[in-house]
Amino acid sequence: MIVVVVLVISGMLIVGKRLTRPQTPGASLSGSNAAIKGKDAPDFQLTDLDGKTVRLADLKGKAVLLNFWATWCPPCKVEIPWFVDLQKQYGPQGLQIVGVAMDEGNPRDAIAKFTSEMGVNYTILLGDDKIADAYGGVEALPTTFYIGRDGKIVSRAFGLVSHSEVEDNIRAALKQGGTVAQNSKQTTGAAR
């Protein structure tokens with residue numbers, strides 16, 4: 001009973017915080033899945049757990065599963081083992097899973113400990129309100145964006161969805177913009 005009360009209060013605080021923010025240019029990503037499909041994913045520059053700067057633009061040519069999550073989020077804890085397995089399975093095909101930790105205050109050490117205990121094998125970034133706003137305001141955790149190799153949004157999911165839905169969205173992201181990946185391989189090969 002206490003857990004339910006804590007979860008409800010936490011949810012209310014998060015929704016209240018998100019609703020009081022001013023609208024930003026990324027708010028155009030707050031529409032329906034169909035409305036955002038094919039739009040350019042907003043670029044960002046965030047820090048990973050080692051202090052290294054990561055930009056979405058650096059991942060062009062790869063399909064990206066961009067997952068907004070937090071250490072206190074029960075559905076996020078369900079997804080993480082799936083993502084670990086999916087990174088192993090689809091990483092060689094060009095998938096890069098990127099987790100954006102939205103823990104209040106970004107307690108780097110706590111996030112690093114949590115991800116180590118969960119066996120996370122993909123990039124973890126420290127999120128902030130700016131990236132949440134760029135992606136239309138992340139109103140629920142987890143929220144996941146699937147981005148094709150061409151940098152365009154393929155799909156978005158709020159909350160916990162089935163493993164098969166996650167995998168279907170990954171496959172769609174890997175297919176979208178496949179010529180971008182081939183062109184960058186050809187360019188890289190020509191430069192050698």
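## Ground rules and overview

Buried here means under 20% relative accessible area. Keep that cut-off in mind, as it comes back several times below. The structure is a predicted model.

By that yardstick, 44% of the 192 residues in the chain are buried. The secondary structure adds up to 7 helices and 7 strands, and walking along the sequence you meet them in the pattern α-α-β-β-β-α-β-α-β-α-β-β-α-α. Of the contacts with a separation of 6 or more, 76% come from residues 24 or more positions apart.

## The sheet

What order do the strands of the open sheet take? Going across, it reads β2-β1-β5-β4-β3-β6-β7, with 7 strands and mixed pairing. At the edges sit β2 (53-55) and β7 (153-158), each paired on one side only. On average, neighbouring strands are turned by 30 degrees against each other, direction ignored.

As general background, strands of a sheet pair through backbone hydrogen bonds, either parallel or antiparallel. Both senses turn up around β5. Strand β1 (residues 45-48) pairs with strand β5 (residues 123-126) in the antiparallel sense, over 2 bridges. Here Asp48 stands opposite Leu125, and Thr47 stands opposite Leu126. β4 and β5, on the other hand, pair in the parallel sense over 4 bridges, with Val98 opposite Thr123 in β5. The chain gets from β4 to β5 by way of α4, and this β-α-β crossover is right-handed.

## Helices packed on the sheet

Now for two helices that pack on this sheet. After the β1 and β5 pairing, in which Asp48 stands opposite Leu125, comes helix α4 (residues 108-118), which packs on the sheet and touches β1, β3 (63-69), β4 (95-101) and β5. The direction of α4 makes about 160 degrees with that of β5.

Helix α6 (residues 163-175) packs on the sheet as well, touching β3, β4, β6 (143-147) and β7. Its direction makes about 30 degrees with that of β6.

## Strand β6, walled in

How many of the residues of β6 are buried? The count is 5 of the 5, so β6 is largely enclosed by the rest of the structure. Thr143, Phe145 and Ile147 point one way from the strand, while Thr144 and Tyr146 point the other way, and all are buried.

β6 has partners on record in β3 and β7: β3 and β6 pair in the antiparallel sense over 5 bridges, and 5 bridges also join β6 to β7, again antiparallel. Val64 stands opposite Ile147 in β6, and Thr143 has Phe158 as its bridge partner in β7. The hairpin of β6 and β7 has 5 residues between the strands, and in it Gly151 takes a positive phi near 85 degrees.

## Helix α3 and its buried face

Helix α3 covers residues 74-90. It has 17 residues and reaches 25 Å from its first C-alpha to its last, close to the 24 Å expected at 1.5 Å a residue.

Which residues of α3 are buried? They are Cys76, Glu79, Ile80, Phe83, Val84, Leu86, Gln87 and Tyr90. For reading that list, it helps that an α-helix has 3.6 residues a turn, so residues three or four places apart point the same way. The cover over the buried residues of α3 includes β3, β4, α4, β6 and α6.

## Tyr90 up close

Tyr90 lies in α3. Is Tyr90 buried or exposed? Its relative accessible area is 4%, so under the 20% cut-off it counts as buried.

Leaving out residues up to four places away in sequence, Tyr90 touches Leu95, Glu167, Ile170, Arg171 and Leu174. Two of these contacts have a polar side: the side chain of Tyr90 makes a polar contact of 2.6 Å with the side chain of Glu167, and one of 3.2 Å joins the side chains of Tyr90 and Arg171. As for Leu174, it is 84 residues from Tyr90 along the chain, with their C-alpha atoms separated by 8.8 Å.

## Gly177 in its loop

Gly177 is found in the loop between α6 and α7 (178-191). With a relative accessibility of 15%, Gly177 counts as buried, because the cut-off is 20%.

Leaving aside neighbours within four places in sequence, Gly177 is in contact with Arg149 and Asp150. The C-alpha atoms of Gly177 and Asp150 are separated by 4.5 Å, though the two residues are 27 apart along the chain.

Conventions:
Residues are numbered from 1 along each chain as its sequence is written. This is a predicted model: local features need pLDDT of at least 70, side-chain atom pairs count only at pLDDT 80 or more; totals for chains, interfaces and linings use all residues. Side-chain values use heavy atoms; hydrogens and water are left out. Buried means under 20% relative accessible area, exposed over 50%, partly exposed in between (1.4 Å probe, protein chains only). Contact means heavy atoms within 4.5 Å. A polar contact is a pair of N or O atoms within 3.5 Å; within protein, one must be able to donate a hydrogen and the other to accept it, and residues adjacent in sequence count only if both atoms are side-chain atoms. Two strands pair if DSSP finds at least two bridges between them. Axes are lines fitted to C-alpha atoms, for helices over the stretch in contact, and angles run from 0 to 180 degrees between N-to-C directions. A crossover is right-handed if, with the strands pointing away from the viewer, the path from the first strand over the helix to the second runs clockwise. The expected span of a helix is 1.5 Å times one less than its number of residues.
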